[in-house]
Amino acid sequence: MMNDMDRTQTALNYRNILIMTAVEAEREAVLRGIAKAASGQGSTEQAKFDVQLCGVGPISAAAETAAYLAANPKYDLVISAGIGGGFTDRAEIGSIAIADSIIAADLGAETGDGFSSVDKLGFGSSSIPVASALTEELTKSIQSAGWAVCSGPILTLSTVTGTRETADELKRRIPGAVAEAMEGYGAAFAAHRLNIPVMEIRTISNAIGPRNRELWRIGDALQALEQACYNLAEVLQR
Ligand SMILES: O=C(O)c1cccc(C(=O)CC[C@H]2O[C@@H](n3cnc4c(=O)[nH]cnc43)[C@H](O)[C@@H]2O)c1
């Protein structure tokens, strides 16, 4: 008979994991976290991670992820990881956000009555589900390590939000949204299309809203990304 612990472990049994980051600094932070976890492991049955670049934006992310998966059909999990913007009072700068769903927040039509998503228009789904057991375990593991972490919808947009009005409108349209970035839905769509489970991890470099480059904390976000990937590798090596 399987107990709850066995069931969770089975749900976490990913062995070939593809992580897509937009830029090299993110890729290096992810690799540092994985290497740190590997150095503390004695296990012989380790998960294998490939960390690849997908460029900036959902189109590049989808094309690069699809091309990579077509050439390497061995992956059982795809993760979009990198820095992102956090919604005020939900995901603070330097904290970690894990998607409980991945949302194409600007995929739809502007109408006289406001934004209509592709779901409303009847052209598909703007939401991709995530590997929920791993998402929960990772969130718990990061929390136990003493880092600020939250879970909720993470939005993908082609245009970085730059006003308070747009930030408020996104919060209103997608209840519980915690963060935004530009690649998650693209990478996830390519994997989901092949029935490969997906996740998104964003570490917060800036607050979503009025543009102010001086308030950006990319170094803090990259450190948080390293920590999140350390915990990810630990959870998957258990
Ligand atoms: O010049 C600006 O004002 C500006 C503001 C936010 C982001 C950018 C970028 O070029 C970063 C794109 C890159 O980083 C991720 N990212 C980071 N923060 C955000 C955000 O608040 N909204 C969306 N994406 C963000 C994104 O995934 C890209 O990879 C420039």
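K140 comes out as partly exposed, with a relative accessibility of 46%, and that makes it a handy way into this predicted model. Its salt-bridge partner is E137, with N and O 3.0 Å apart. Both residues belong to helix 5 (residues 132–144), where they sit 3 residues apart, or about one turn of the helix. E137 has a relative accessible area of 14%, so it counts as buried, the limit being under 20%. So here a buried glutamate, E137, meets a partly exposed lysine, K140.

**Other salt bridges**

The structure has 8 salt bridges. As a reminder, oppositely charged side chains can pair when their charged atoms come close. Three of the bridges are set side by side here, including the one just described.

| Pair | N to O distance | Where the residues lie |
|---|---|---|
| E137 and K140 | 3.0 Å | helix 5 (residues 132–144) |
| E169 and R173 | 3.6 Å | helix 6 (residues 164–173) |
| E226 and R32 | 2.8 Å | E226 in helix 8, R32 in helix 2 (residues 24–39) |

Take E169 and R173 next. These two are 4 residues apart in helix 6, which puts about one helical turn between them. E169 is partly exposed at 28% relative accessibility, and R173 is partly exposed too, at 25%. There's a further member to mention: R172 joins E169 and R173 in a network of salt bridges.

What does the bridge between E226 and R32 tie together? E226 is in helix 8 and R32 is in helix 2, so the pair links parts that are 194 residues apart in sequence. The side chains meet at 2.8 Å, N to O, and R32 itself is partly exposed, with a relative accessible area of 40%.

**Helix 8 and its end**

Helix 8 covers residues 218–237, and Q237 is found in it. Is Q237 buried or exposed? With a relative accessible area of 6%, Q237 is buried. The side chain of Q237 also has a polar partner: it reaches the backbone nitrogen of A47 at 2.9 Å.

Q237 comes right after a stretch named in the records. An unreviewed UniProt entry places the feature "domain: Nucleoside phosphorylase" at residues 52–236. That span is 37% helix and 29% strand, and the C-alpha atoms at its two ends lie 19 Å apart.

**Rings, and charges over rings**

How many aromatic pairs does a search of the whole structure find? There are 2 of them. One is formed by Y68 and Y75, whose ring centres are 6.1 Å apart with 35° between the planes, a tilted arrangement. Y75 is buried at 6% relative accessibility, while Y68 is partly exposed at 21%.

Y185 and F189 make a pair as well. Their ring centres are 5.8 Å apart and their planes meet at 40°, so this pair is also described as tilted. Why tilted? Planes under 30 degrees apart would be stacked and planes over 60 edge-to-face, so 40° falls in the remaining class. Y185 and F189 are 4 residues apart in helix 7 (residues 184–192), which separates them by about one helical turn. As for accessibility, Y185 is buried at 9%, whereas F189 is partly exposed at 43%.

Two basic side chains lie over ring faces. K36 is over the face of Y230, at 5.1 Å from the ring centre. R213 takes up that kind of position over W216, at 4.5 Å from the centre of the ring.

**Around the ligand**

W216 turns up again at the ligand. Which residues are closest to the ligand? Of the 15 residues that surround it, the closest are E180, E183, N206, R211 and W216. E180 makes a side-chain contact there: one of its N or O atoms is 2.6 Å from a nitrogen atom of the ligand.

Backbone atoms take part too. M182 has a backbone N or O atom 3.0 Å from an oxygen atom of the ligand, and a backbone N or O atom of G85 lies 3.4 Å from a ligand nitrogen. So the ligand's polar partners include the side chain of E180, since 2.6 Å is within the 3.5 Å limit for a polar contact.

Conventions: Residues numbered from 1 in each chain as written. Predicted model: local features only at pLDDT ≥ 70, side-chain atom pairs only at ≥ 80, totals over all residues. Heavy atoms only, no water. Phe/Tyr/Trp six-rings, centres within 6.5 Å; stacked < 30°, edge-to-face > 60°. Buried < 20%, exposed > 50% of the residue type's maximum accessible area, 1.4 Å probe, protein only. Lys NZ or Arg CZ within 6 Å of the ring centre and 35° of its normal. UniProt positions renumbered as here; feature names shortened; annotations may be inferred. Polar contact = N/O pair within 3.5 Å; in protein donor to acceptor, adjacent residues only side chain to side chain. Salt bridge = Lys/Arg side-chain N within 4 Å of Asp/Glu carboxyl O. Near = heavy atom within 4 Å.
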